[in-house]
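Subject: Structure handover

Hello,

Here is the structure we spoke about, for your files. Please look it over before reading my notes underneath.

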Amino acid sequence: AAALRKALERTEEEWLAEAITQELMDGTTAAVAVVDRAGRRVIVGNVGDSEIILGSRGNSGPNVRVLTEVHHLKRSEAEVERVTKAG
């Protein structure tokens, strides 16, 4: 989980530097899932309004579960406040 967080943070920092250099006003969005079969877990991370949905189909029918709980939407008042405070 720490490596995934670090990779997302580094990607965001690199994109921000590039956006400042080129005066871009675009944002970023990403969703990543790492499947750890040995540990029987899925580690997810998201930036922006991307989300990860896990779906499967078995004898009992389709099963869908949203794996990301936090969505960083610029139209969210809490997100606007967080970004404003961050500078």
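The notes below go from the whole chain to the strands, then to the surface patch and the salt bridges.

Overall picture

Please keep in mind that this is a predicted model. The chain has two helices and four strands, and their order along the sequence is α-β-β-β-β-α. Of its 87 residues, 15% are buried. The accessible surface of the chain comes to about 7600 Å², and 51% of that is supplied by carbon and sulfur atoms. As for contacts between residues at least 6 apart in sequence, 22% of them join residues at least 24 apart.

The β3/β4 hairpin

Strand β3 covers residues 53–58, and strand β4 covers residues 61–66. The two run antiparallel and are paired over six bridges. They make a hairpin, with two residues lying between the strands. Two of the pairings are worth noting for what comes later. I53 is placed opposite V66 of β4, and G55 has V64 as its bridge partner in β4.

P62 also belongs to β4. Is P62 buried or exposed? P62 has a relative accessibility of 71%, so it is classed as exposed. Once neighbours within four places in sequence are set aside, P62 still has contacts with S56 and R57.

The nonpolar patch

Which residues make the nonpolar patch on the surface? The patch consists of I53, V64 and V66, and its area is about 270 Å². The hairpin pairing is relevant here, as I53 and V66 stand opposite each other, while V64 is the bridge partner of G55. V64 and V66 can be read together with a general point about strands: in a regular strand, side chains alternate between the two faces of the sheet. For V66 the relative accessibility is 43%, so this residue counts as partly exposed. That value clears the cut-off for patch membership, which is over 30% relative accessible area.

Salt bridges

How many salt bridges does a search of the whole structure find? The search gives two.

One of them links the side chains of R10 and E14, with an N to O distance of 2.9 Å. Both residues sit in helix α1, which spans residues 2–22. Because R10 and E14 are four residues apart in that helix, about one helical turn separates them. R10 is classed as exposed because its relative accessibility is 54%. E14 has a relative accessible area of 45% and is therefore partly exposed.

The other salt bridge is between the side chains of R41 and D36, again with 2.9 Å from N to O. R41 is partly exposed, since its relative accessible area is 47%. D36 has a relative accessible area of 22%, so D36 is also partly exposed. The limit that matters for D36 is the one for buried residues, which is under 20%.

That is what I have on this structure for now.

Regards

Terms used: Residues are numbered from 1 along each chain as its sequence is written. This is a predicted model: local features need pLDDT of at least 70, side-chain atom pairs count only at pLDDT 80 or more; totals for chains, interfaces and linings use all residues. Side-chain values use heavy atoms; hydrogens and water are left out. Patches are made of residues with over 30% relative accessible area and no salt bridge: like charges are joined within 9 Å, nonpolar side chains (Val, Leu, Ile, Met, Phe, Trp, Tyr) within 5 Å. Accessible areas come from the Shrake-Rupley method with a 1.4 Å probe; for residues, only the protein chains shown count as cover. A salt bridge is a side-chain nitrogen of Lys or Arg within 4 Å of a carboxyl oxygen of Asp or Glu. Buried means under 20% relative accessible area, exposed over 50%, partly exposed in between (1.4 Å probe, protein chains only). Contact means heavy atoms within 4.5 Å. Two strands pair if DSSP finds at least two bridges between them.
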